[in-house]
Amino acid sequence: MFRNCSARLCRISPVCPLSQTQVNGALFCKQGKHRRFHSQTPCRGKVLTIDNMNPHLRVMEYAVRGPIVILAGKIEEELKAGVKKPFPDVIRANIGDCHATGQQPITFLRQVVALCTDPGTLMNDPRYPSDAKERAQRVLDSCGGGSIGAYSDSSGVPSVRQDIANYIQERDGLPASSDDIFLCTGASDGIKTIMKMLMTGESGRGRAGVMIPIPQYPLYTATIAEYNAYPIKYYMNEDKNWGLDVSELKRSVDEARPECKPRAIVIINPGNPTGSVLSRENIEDVIKFAKDEGLFILADEVYQHNVYAEGSAFHSFKKVLTEMGGEYKDMELASFMSVSKGYMGECGFRGGYCEVINLDPEVKVQQLKSISAKLCSSVAGQAAMDVVVNPPRPGEPSYDLFIKEKTKVLNDLKVKANMVTETFNSMERFSCNEVQGAMYAFPQIHMPESAIQAAKALGKPADVMYCENLLQETGVCVVPGSGFGQKPGTYHFRTTILPTVEQLADMLERFKVFHEGFLQKYK
C-alpha cells in the first residue's frame, strides 16, 4: 500500500482502483507521480512523517506554550472579531514575558543596543549620553569590522565576556575568568549545550539521568526527552516553602539507578515555578549531595536579581561551592544568566551566558567545538547582556535614571508578589507559599472530590479542567501544575506576577469570583 500517496487509494496491485502504467520497469499510478519499482520499494509521498520522525521530539511537551495557551489565542481572536464574552480581554499570566505584559524597557540598555546597531548616525546624536556611547563603542571595538552584524567569536564578543567575568567577581568577591564564559541564545541555549555534553550516547539503563526539581521549568523535561535521557525527579518540599530535603534527593537518585546513569543535578534558584529562594544552608546541602553522588551541577540562576522577601537573599552556587573549600571547590559547575528576566525583561533579544568552572581541559576543548558548530549567539543579545553586567556607575550621566527605572521594576514586582500571596491565601481551599523571588506563584488548590471525578470523566487532570474553565469564564490564562510536575494527588497552577499592578488586581478579582462559583458547583 502507498500509505503516503496523496491519492489515498493508490495501489500497485491487480485490483488497484486507479489505472496503472509501466515505464522503464517502474509502475505508476494514474496520477503518474507515485511509483514502485520491481524491487517492491514502497511508494512515498512525504519523506518525513509523524511515524518516522525523531520519536524523542514527539514526546516533548512545553506547558507554558501548551493547549491552554493555544485556546487563549483563539479566544483573543474571537474577541477581536466581536464575539461577546463575559470578560473584556485575555490576561496572559502563563509566561514570564515581561514586556508583553506592559513592563517598560530600561532606557540605558536600549540606548546602548541602538548605538551598537546604528553607530554611524547615533554616535553623533547629542540625545544619547556619553556613558551609553562609551559602552557601545567598547562592544563595537571587539566586533569584526566594528559591526554587530559580524559573527563574533563562538564563545562571544571578547569584551562582553570580560565584562561578565568582572560582574561575577564583583558579585561573589571571588576571581572569575572570561575563559570560563560563553554567550548563548538565552540561558535555555546554554543549558542545552551543557546537557548535551552530559549524554552518554547509550539507551536503556546506560542512558544519562538528570536530576530535576518537581515542580520544574518545562525546558528541562523537554530537553531530557529530546536527548533521550532519563528524568530523575526529586520533589521540592512545599511545607518548607519549596525547600530541598537531602533525604528526598537521595531517594530519587537511588530509585533511578536501575534505569540510568545519574550524571547531573539541576537547581533553579530563585525558583521557577515556585517563587522560592534557597537558603545558603540548603545550597551547601545540595553541593555535598552532588559531591557524594558524583554529579555535575547545573545552577539556573536567571532570577538572581529577583528577590523580594524579607530575610531572603541570593547566593550563587559558585560562591558557596568555592567558599566551602576542600573537596568541594574543584567540583564541576555550570551556572546560567539571562537578559530575559531580572529587572530587564528583554526576552526578545535572546541574550544569556553560561559560566562553566572546573571543567576537564580535554572536555573544555570539546565544549568549544560544540558551540563553534553554532557559529555564535546573537551579537545584539550579547550587547544587551553587556549592559546588564556593566550598568551605569555612580557619577555617570545615566546612573540616576537607570537606578530609578530598575528600582521601580523591582519594587513593583515586590508589591505584586505580596498581592498574589495574600489574595490566594484568603481564598477557600487555596494555599500559597510566600513569593520570595522570581516572577511566579505556584499555589495549591485543595480540589473537591466531585471536581476531581468530573475532570476524570472528561479524561483530564482536575488542574487542567480548572485552568480551562478559568480561561473560558474569566479570560485569565494560567498554566496547570501538571505541566510542571507535582506530587500525585495535589493540584496546582503557575501564574506570573508580571501584569501591571492595576491589571493584576483585576486578574485576582476575576479569580476570586470564578473560584467561588467553582466551589459552589463542585461542593
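Which residue in β8 does alanine 208 stand opposite? Lysine 261 is that residue, and the strand pairing around it is a good way into this structure. The model is a predicted one, where local features need pLDDT of at least 70, side-chain atom pairs count only at pLDDT 80 or more, and totals for chains, interfaces and linings use all residues. Residues are numbered from 1 along each chain as its sequence is written, and side-chain values use heavy atoms, with hydrogens and water left out.

**Strand β6 and its partners**
- Strand β6 covers residues 208–214 (strands are DSSP runs of E with at least two residues, helices runs of H or I with at least four, numbered from the N terminus).
- Because 7 of its 7 residues are buried (under 20% relative accessible area with a 1.4 Å probe, protein chains only), β6 is largely enclosed by the rest of the structure.
- In a regular strand, side chains alternate between the two faces of the sheet.
- Here both faces of β6 are covered, with Ala208, Val210, Ile212 and Ile214 buried on one side and Gly209, Met211 and Pro213 buried on the other.
- β6 pairs in the parallel sense with β8 (residues 261–268) over 4 bridges, where pairing takes at least two DSSP bridges between the strands.
- β6 also pairs in the parallel sense with β7 (residues 230–235), over 6 bridges, and isoleucine 214 stands opposite tyrosine 235 there.

**Cysteines**
- The disulfide count is 0, taking a disulfide as a pair of cysteine sulfur atoms within 2.5 Å.
- Cysteine 98 is in no disulfide, and its nearest cysteine sulfur, that of cysteine 347, is 5.1 Å away.
- Cysteine 98 counts as buried because its relative accessibility is 0%.
- Cysteine 467 is likewise in no disulfide, with the sulfur of cysteine 477 nearest at 8.5 Å; cysteine 467 is buried, at a relative accessible area of 1%.

**Cavities**
- There are 3 cavities of 30 Å³ or more, a cavity being a set of points on a 1 Å grid over the protein atoms alone where a 1.4 Å probe fits but cannot get out.
- The largest cavity holds about 80 Å³ of space, a volume being the space filled by probe spheres set on points joined across faces, edges and corners.
- Of the 13 residues lining the largest cavity (an atom within 4 Å of a point), the closest to its centre are Pro213, Pro215, Met236, Ile268 and Gly271.
- The second largest cavity has a volume of about 40 Å³, and α12 (361–372) gives the most to its lining, with 3 residues.

How values were computed: Buried < 20%, exposed > 50% of the residue type's maximum accessible area, 1.4 Å probe, protein only. 1 Å grid on protein atoms, 1.4 Å probe; cavity = no way out; pocket = protein on both sides within 12 Å on 5 of 7 lines; lining within 4 Å.
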